[in-house]
Amino acid sequence: MSELSPATTYPTTAWLIAATTPALVAAAMLVAVLLLRGRLALALAIVQAGMAARRRGGTRARPDPALVWTPTMIDPGRVVVICAGVVATVAAALSLAAPIFLALVLAAPISAALIWALLAMAESRYVAGIDRDLTAALGRMSAMLKSGSGFRTALERVLADMQAGPLRDEWGYLLTRQGTNLASGGIATPQQVVAALAEQTASARQATLLSHLSVAVSQPQDVLARRCEAAYAAIQASDRRREEANTELAQMRYSGMAVGLAGIAMAAYLTLTQWERVVAAYRTPLGAVVGAVVIAALALPIIGGLLLARAADVDY
């Protein structure tokens, strides 16, 4: 007998029966996340450190251990709270269309993929914050170097006027790590610190700039000032080219969002008006897989529009 068949005693509250399983699954996942929140926060911190280590790998030289820089792109405690909501929501949604055991099994990889996407978005915001403030900060530093200030003095003055953000944190690293005792012996020179941050920063634009400055910082004051001024002029030209490209690609972004949102709105309408049929169609194990494919297909136009409309220019 169907839960909402004419023989149901109280059809107005029969939805509570169907909601029991998702509620129990969500509660179980929330309890598990809360009990393991300390280990999850540590694991997320290790993941962020691993992302930073991968940026240092490949063809990039490994810096001295005293000059290792691991940025905190998102607070691990905040991520744990978001993870709890993501895991509970995904497990509850899957339990509507699949048995409890299968829902719990599928919830783990899907939740992991969503959390990884969250970390990727946090890294993207971190890089965007650096790129947003880089031009103005470099312009102020160039002006101070032209007025006769040394590299450290100019850096201190720029940091004093800079608002809190990723760029302030990374340029603060340039200031605090100078004179640090190196594991290989000796102390860290400004040239070594700038070169180390160039190898570790998440922003390609800043890495290009720091690679340029790492050569100039050890040269005489007038040479450093001229090189910094040239870098400032080049990065301004780069910003203009990127803005022009973003303007031209805006139509692609808006088209992708319009198509994706239209598909999501239509799917939401059909789900609300034919809920019983949707539950029956996606309750089976195969239905859960098809449902995931349908959700991905609906999201692809939006994701594609956002990704294809991005423009980058690091040519100095």
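This passage describes a nonpolar surface patch and the surroundings of two further residues in a predicted model. Residues are numbered from 1 along each chain as its sequence is written. In this predicted model, local features need pLDDT of at least 70 and side-chain atom pairs count only at pLDDT 80 or more, while totals for chains, interfaces and linings use all residues; side-chain values use heavy atoms, without hydrogens and water.

A nonpolar patch on the surface is formed by Tyr-254, Met-257, Leu-261, Ile-264 and Leu-306, with about 450 Å² of accessible area together (Shrake-Rupley method, 1.4 Å probe, only the protein chains shown counting as cover for residues). Patch members have over 30% relative accessible area and no salt bridge, with nonpolar side chains joined within 5 Å and like charges within 9 Å; a salt bridge places a side-chain nitrogen of Lys or Arg within 4 Å of a carboxyl oxygen of Asp or Glu. Helix α9 (residues 221-273) supplies the largest share of the patch, 4 residues (helices are DSSP runs of H or I, at least four residues, numbered from the N terminus). Leu-306 is located in helix α11 (residues 285-308) and is partly exposed, at a relative accessible area of 40% (buried, under 20%; exposed, over 50%; partly exposed, in between; 1.4 Å probe, protein chains only).

Gln-178, in the loop between α6 (166-176) and α7 (190-200), is buried at 16% relative accessibility. Residues touched by Gln-178, beyond four places away in sequence, include Phe-151, Leu-155 and Val-193 (heavy atoms within 4.5 Å).

Ala-281, in helix α10 (residues 275-282), is partly exposed at 45% relative accessibility. The C-alpha atoms of Ala-281 and Gly-291 are 9.1 Å apart, with the two residues 10 apart in sequence.

Definitions and conventions
Helices (H or I, at least four residues) and strands (E, at least two) are DSSP runs, numbered from the N terminus.
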